[in-house]
Amino acid sequence: MLSKSQISLLKSLHHKKFRTEHGLFLVEGYRSVIEFIDSAYQIEAVYHTSAIEPKLLKLSRKMNFNEISLNELEKISTLKSPQDIIALVKIPEWPVLNRNILQKRFSIVLDGIQDPGNMGTIIRTADWFGIKHIICADDTVDVYNPKVVQATMGSIAHVNVYYTKLDAFLTTIKLPLFGALLDGVNIYKTDFGAEGLVIMGNEGNGLRPEIIKLVQHAVTIPRSGNAESLNVGIATAIFCSEINRKSYK
């Protein structure tokens with residue numbers, strides 16, 4: 001049974017202010033929780049209903065499991081239809097973001113992505129293609145937003161997400177900078193080399209002018225149809241797929 005103070009704390013984590021204050025966030029759904037159990041994240045507690053008990057018995061790891069009622073679950077869940085299990089997870093302190101951890105690989109840079117669904121899709125895509133690091137402008141949607149966490153389907157447990165003053169960071173990083181732009185080189189004719197940062201822009205405005213100035217290689221996904229634009233999550237997947245394809249040559 002949850003106390004009033006526990007319910008108050010867990011409900012407060014629906015909001016960024018309190019996630020930052022307490023250094024905690026929520027993960028909902030069995031598959032997603034399992035991904036975190038098998039990751040480097042620290043799980044403070046797991047709250048579950050009796051309905052999911054049989055599945056939890058299969059886990060050999062010692063966890064702080066707490067059985068609660070469906071009514072209590074509904075009070076702390078961010079979902080309209082709760083999924084029988086919620087994990088309380090500690091927000092990690094990532095290592096200092098520098099060239100050493102980014103060299104000899106590709107990483108994704110997000111310039112002001114706002115939609116939680118897009119953010120979640122990008123993280124899940126990065127995980128699929130083995131991309132370990134995503135660097136975000138400070139005004140990018142919070143990676144621990146419940147809608148983002150839900151959309152990643154557990155992939156957030158495998159990808160490091162950083163927030164920084166983007167223009168200052170890109171000025172000093174000294175790695176190839178590939179920017180998704182409308183007037184760039186055809187992506188299918190682009191030589192990505194062996195390392196670099198792939199910069200994706202805001203859903204409505206694209207890359208900011210100060211970021212465009214820093215892009216060394218403007219890259220375009222050629223349009224064959226009549227659509228006005230391409231969803232940033234889909235565009236990121238195309239970039240990741242093309243980079244991955246060329247690594248097999």
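Outside its neighbours within four places in sequence, V141 makes contact with I113, Q114, D115, P116, M119, V148 and Y163. These contacts come from a predicted model. V141 sits in the loop that runs between strand 6 (133–137) and helix 8 (146–152). Its relative accessible area is 11%. Residues under 20% count as buried, so V141 is buried. K213 provides a point of reference across the structure. V141 and K213 are separated by 72 residues in sequence, and their C-alpha atoms are 23 Å apart in space.

M119, one of the contacts of V141, leads into the nonpolar core. Residues up to four places away in sequence were again left aside. On that basis M119 touches L110, I113, C136, T140, V141, V143, V148, V161 and Y163. M119 also belongs to the largest nonpolar core, which holds 47 residues. Within this core, F36, I108, L110, M119, I123 and I134 touch the most other members. Helix 11 gives the most to this core, with five residues. A second core is separate and has 18 residues. Among them are L97, Y162, L170 and V215. In soluble globular proteins, nonpolar side chains tend to be buried together.

Burial is not limited to nonpolar residues. H133 lies in strand 6. The relative accessibility of H133 is 7%, so this residue counts as buried. Two polar contacts involve its side chain. One joins the side chains of H133 and Y162 at 3.2 Å. In the other, a polar side-chain atom of H133 lies 3.4 Å from the backbone oxygen of I101. Y162 is also a member of the second core. Without counting residues up to four places away in sequence, H133 touches I101, L102, R105, S107, I108, V159, N160 and Y162. I108 in turn is one of the residues with the most contacts to other members of the largest core.

S32 gives another case. This residue is found in helix 3 (residues 30–37). S32 has a relative accessibility of 5% and therefore counts as buried. Beyond its neighbours within four places in sequence, S32 is in contact with V27, M153 and G154.

Helix 1 (residues 4–12) was examined in the same way. Its buried residues are I7, L10 and S12. The elements that cover them include helix 2, strand 1, strand 2 (43–48), helix 5 (70–76) and strand 4 (85–90).

Open spaces were considered next. The largest pocket has a volume of about 790 Å³. It is lined by 26 residues. Of these, L182, E228, S229, L230 and A235 are the closest to its centre. Several elements take part in the lining. Strand 8 (177–186), strand 9 (196–201), strand 10 (217–220) and helix 11 (232–247) each supply at least two residues. Helix 11 thus appears in two settings: it lines this pocket, and it gives the most residues to the largest core. By class, the lining has 14 nonpolar, nine polar and three charged residues.

The second largest pocket holds about 360 Å³ of space. Its lining consists of 17 residues. I91, D142, Y144, V161 and Y163 lie nearest the centre of this pocket. Helix 2 (16–22) and strand 7 (160–164) each supply at least two lining residues. Strand 7 gives the most, with four. The lining divides into nine nonpolar, four polar and four charged residues. Two of the residues nearest the pocket centre, V161 and Y163, are also contacts of M119. Y163 is in contact with V141 as well.

Enclosed space was found too. The count comes to one cavity of 30 Å³ or more. The largest cavity has about 40 Å³ of space. Its lining residues are L26, V27, E28, T78, P146, V149 and Q150. Strand 1 (24–28) and helix 8 each supply at least two of them. Four of the lining residues are nonpolar, two are polar and one is charged. V27, which lines this cavity, is also in contact with S32.

Conventions
Residues numbered from 1 in each chain as written. Predicted model: local features only at pLDDT ≥ 70, side-chain atom pairs only at ≥ 80, totals over all residues. Heavy atoms only, no water. 1 Å grid on protein atoms, 1.4 Å probe; cavity = no way out; pocket = protein on both sides within 12 Å on 5 of 7 lines; lining within 4 Å. Points joined across faces, edges and corners; volume = space filled by probe spheres on them. Nonpolar A, V, L, I, M, F, W, Y, C, P; charged D, E, K, R; others polar. Buried < 20%, exposed > 50% of the residue type's maximum accessible area, 1.4 Å probe, protein only. Contact = heavy atoms within 4.5 Å. Core = buried A, V, L, I, M, F, W, Y, C linked by side-chain atoms within 4.5 Å. Polar contact = N/O pair within 3.5 Å; in protein donor to acceptor, adjacent residues only side chain to side chain.
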